Amino acid sequence: MIQPAGPRARAALGFLAGGIGALGIAPFGFWHATLIFLAVAFLLFERATTGRQALATGWACGTGYFSVALLWIIEPFLVEPEIFGWMAPFALIFMAAGLAIFWAGAFRLAFRATRMRLPALVVALALAELARAYVLTGFPWAGLAQIWVGVGPDLMLSVIGPHGLGLVTLGAGLALALAAGARHALMVRLAGPLAVVAFVGLGLWLQARLPETEFRAATIRLVQPNAPQDQKWDPAMMPVFLNRNLEYSAALPRPDLIVWPETSVPTLMEYGGPIFEDMITLSGGVPIVAGIQRRDDRRMYNSAFLLDGPVPSQVYDKHKLVPFGEYIPLGDLAARFGLHGFAAREGQGFSAGPGVQLMDLGALGQALPLICYEAVFPDLARSTPRPDMLIQITNDAWFGERSGPYQHLAQARMRAIEQGLAMIRVANTGISAMIDPYGRLIAQIPLGQAGYVDAALPEPRPVTLYARSGDWPALILLLLLAAAIVARNAQRHATLK
């Protein structure tokens, strides 16, 4: 039973527990640690005596969790450490502490419940995580559901989505917290751990009995040049990485489609004619999906294109851009007041494309392209009409080699399960992979390795419930649960009067 001496001790314990709890996310996969952290967080919350203490506890837990989960965020600043390295710790601290505000608000809100306070925290935290995925452009990275990728309970993503599974995860943490409470009877205390074991066991049982992957009579070539970020745009190295892509694309036997990573063509689209000619010639006419930057008037776009002839026949412009990485929020508005250095319309950073669109791959069907960061958002993987596959091209060299690429891959696996579609994932430095509609890795190229792999294309599953509904059922359920808790507390207040 946890009884820290005071508010500061509770905050310190919450921060430490949060850091340990982040070990449930890739590349570690210690989901047990996340559940224990959640149980500790509930117990610390239960011992808060004021709203301010509850808020501080939630903020400490969240800051500890995000500080470890998002450790990769320092990597882009280390590409040129002599210039930007000093900014790395500040970026991590501000990001972790900022995201923890959602958790702090949930703890403070739940504290207002005089009855059912712990269930109120479950609902409040689930709503906070849902809000984190959408508010201020959204950032759902390191969501609680990610601890289940490859474990078995991740199969629930196709039904209830990441926020529904996040709610179940919080419920499991609450069950363990109740089990640790000395005031409960032995059978009540045993019920929580047994329920968690049954939940995970059921997931593992279902995973072991998944049907074999069904494949189409089509082969996709995943090309990974392995260009470190500090060399990617070096004029002396750009031909080296381009030649790798061309060499891998020319290899026999011919596949049905070749996919290159994000910005793998090292020129603007309007100057790409000679490279396009080499691509289509050396591939023997096999269509290629690749990443490139292009300019339209003064605007710049991060794009994917289909090359099935001498020039690109289809172009998709990334529309979910990374704030402060690919554009400056409100930059165009600032230009009206004379601050032109941040304006996307004037070529400062990238401009957003028009939105989700499909790419027609002929006999292979329709593909939904996602560029890098876009695969983090479940709603961007949904499309009407439904595609036949998902394609993510990305440059994970920005994320280093510790945790970022593994977490990004885990989220791509989640998108495949949610939509019941194969995910063709090609990353500049890895991890490139063919993912089946159950989130299984059919083929992959390890992190930091140059090469290619030919993989059969999995057949899609029937459309999933989550693909039809998105996050609306989770939101409605959470609002109904919140209303029930509010009504229960209002009834108690009326009785006391």
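Is Ala 142 buried or exposed, and what is its relative accessibility? Select Ala 142: at 0% relative accessibility, the residue counts as buried (under 20% relative accessible area, with exposed over 50% and partly exposed in between, for a 1.4 Å probe and protein chains only). Ala 142 lies in the loop between α6 (117-132) and α7; helices are DSSP runs of H or I with at least four residues and strands are runs of E with at least two, numbered from the N terminus. Phi of Ala 142 is near 70 degrees, a positive value in a residue other than glycine. Most residues other than glycine have a negative phi, and most peptide bonds are trans.

The model is predicted, and local features need pLDDT of at least 70, side-chain atom pairs count only at pLDDT 80 or more, and totals for chains, interfaces and linings use all residues. Residues are numbered from 1 along each chain as its sequence is written, and side-chain values use heavy atoms, with hydrogens and water left out.

Next, select Thr 169 in helix α7 (residues 157-180). Thr 169 is buried, because its relative accessibility is 0%. Its side chain makes a polar contact with the side chain of Trp 148, at 2.8 Å (a pair of N or O atoms within 3.5 Å; within protein, one must be able to donate a hydrogen and the other to accept it, and residues adjacent in sequence count only if both atoms are side-chain atoms). Apart from neighbours within four places in sequence, Thr 169 is in contact with Leu 35, Leu 38, Leu 144, Ile 147 and Trp 148, where contact means heavy atoms within 4.5 Å.

Now display helix α1 (residues 7-21) together with helix α3 (residues 51-69), which pack at an angle of about 30 degrees with their axes 6 Å apart. The axes are lines fitted to C-alpha atoms, for helices over the stretch in contact, and angles run from 0 to 180 degrees between N-to-C directions. The angle makes α1 roughly parallel to α3 (under 35 degrees; over 145 is roughly antiparallel, 65 to 115 roughly perpendicular and the rest oblique). Residues in this contact include Phe 15 and Gly 18 of α1 and Ala 60 and Gly 64 of α3.

Move to the loop between β7 (366-371) and β8 (389-394), where Pro 385 lies. A cis peptide bond joins Thr 384 and Pro 385, with omega about 5 degrees. Cys 372 is also found in the loop between β7 and β8; its phi is positive, about 50 degrees, although the residue is not a glycine. Cys 372 is buried, with a relative accessible area of 10%.

Finally, select Ile 431 in the loop between β9 (423-427) and β10 (432-435). The peptide bond from Gly 430 to Ile 431 is cis, with omega near 10 degrees.
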